[in-house]
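Colleague: I have a model open on my screen and would love a close look at one part of it. Could you walk me through a helix pair and its surroundings?

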Amino acid sequence: MDPVKTLGEETPAGAAAPVRMRRPRGLVSEIVASLEADIREGRMVPGQKLPSESELVARFDVSRTVVREAISRLQASGLVETRHGIGTFVIEPRAVEPTFRIAPEDVATAADVIELLELRISLESEAAALAAQRRSPESLSAMAAALASFNVAIHADSDAVPSDFHFHVEVARATGNRHFAELMTYLGTMIIPRTRLKTAASAPEGRLPYLERVHHEHENILDAIRRQDPEAARAAMRTHLSNSRERLRRAQPEA
C-alpha cells in the first residue's frame, strides 16, 4: 500500500490504519508527489488554501521541518504561494518553469557536495551577518533549541542531520528576509554533507569527536549572533562551512 494518501482518500470505517514505511530521505518527495497529484488532478484548485502546517504534519506523520521543505519545493515548482500570516494557496501554473534546480541526484558525489558548500559559504555567511544585526529573542531561542537538540542527538548515536539543518534554517530565518529561509528550505537536508556522505563515520578522529567539533562551530556562530557582532558571525559561519569543504577535499583520492 502507498504510504502517502491523496487528500481525497479515506480509510474505510473499521479498517486498520495502514502501516507507514519510514523512508526518511524520501519523505519530502512523497509529500510533494501527493500534493502535486491533488493539484494537477483537480482535487485542489487555484485559489484554494492548503491544509495548515499542523494538519500536514498529522496527515503525513512527519516533522514540521519535512513539511516546510515539501512546501518550499512546491513553491519552487510554481504550484503554490505562501501569503505570510494567512497560509499557502494553490496558484495558476507558471508559463515558464524555473531554471534553477538542485535535485538529490545532483548531490551524489563528494565533488558535488563541495560545489554546494561553496554556494552555501557565500549565502550563509551573509545570512549570519544579517542575523546578528536583526535577531530577536524568539529567533535566539529557536537557534539555541536547535543546538540543544543537536547535542542530544550526537550523544544518542545519531548523525543529527535534522537538528543540524534546523539550526542553519533558523539562522536564515533570523535575517528577517524570507528569501534566505525559503532558499535554505528548498535545498533541504541534502545541504548537510552527512546526508549524502558518511563524513562522521569515516572521520579519522571518530564519529563523536567529529560531531562535537561541528557543535562547537555552531556555538561560535550563535555566540556571535547573540552578541550582535556581524563580522564575527560572518567569519564563524565561513569558518564552519569552509572546514566542512576542506575535510571533504582532504578525503578525496589523489588524481
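How do the axes of α5 and α9 cross, and within what distance do they come?

Modeller: Happy to help! First, this is a predicted model, in which local features need pLDDT of at least 70 and side-chain atom pairs count only at pLDDT 80 or more, while totals for chains, interfaces and linings use all residues. Residues are numbered from 1 along each chain as its sequence is written, and side-chain values use heavy atoms, with hydrogens and water left out.

Now to your pair. The axes of α5 and α9 come within 10 Å and cross at roughly 170°; axes here are lines fitted to C-alpha atoms, for helices over the stretch in contact, with angles running from 0 to 180 degrees between N-to-C directions. The two helices are therefore roughly antiparallel, a label for angles over 145 degrees. Helices themselves are DSSP runs (H or I, at least four residues), numbered from the N terminus.

Where do they touch? Contact means heavy atoms within 4.5 Å. On the α5 side, L140, M143, A144, L147, F150, N151 and I154 take part. Their partners in α9 include L211, V214, H218, L222 and I225. By type, the residues of this contact divide into eleven nonpolar, three polar and four charged. Nonpolar here covers Ala, Val, Leu, Ile, Met, Phe, Trp, Tyr, Cys and Pro; Asp, Glu, Lys and Arg count as charged, and the others, Gly among them, as polar.

Let's follow α9 a little further. Its 20 residues should span 28 Å at 1.5 Å a residue, and the end C-alpha atoms are 29 Å apart, which agrees; the expected span is 1.5 Å times one less than the number of residues. Among the buried residues of α9 are Y210, E217, I221 and A224, where buried means under 20% relative accessible area with a 1.4 Å probe, protein chains only. After α9 comes Q228, whose phi is positive, near 55°.

Both helices also feed the largest nonpolar core, as do α4 (110-134), α6 (161-174) and α10 (230-251), each of the five supplying at least two residues. Such a core is a set of buried Ala, Val, Leu, Ile, Met, Phe, Trp, Tyr and Cys residues joined through side-chain atoms within 4.5 Å. The largest share, seven residues, comes from α4. Of the 23 members, M143, F167, V171 and I225 touch the most others. Not counting residues up to four places away in sequence, F167 touches M143, A146, L147, H218, I221 and L222.

Terms used:
Buried means under 20% relative accessible area, exposed over 50%, partly exposed in between (1.4 Å probe, protein chains only). Angles under 35 degrees count as roughly parallel, over 145 as roughly antiparallel, 65 to 115 as roughly perpendicular and the rest as oblique.
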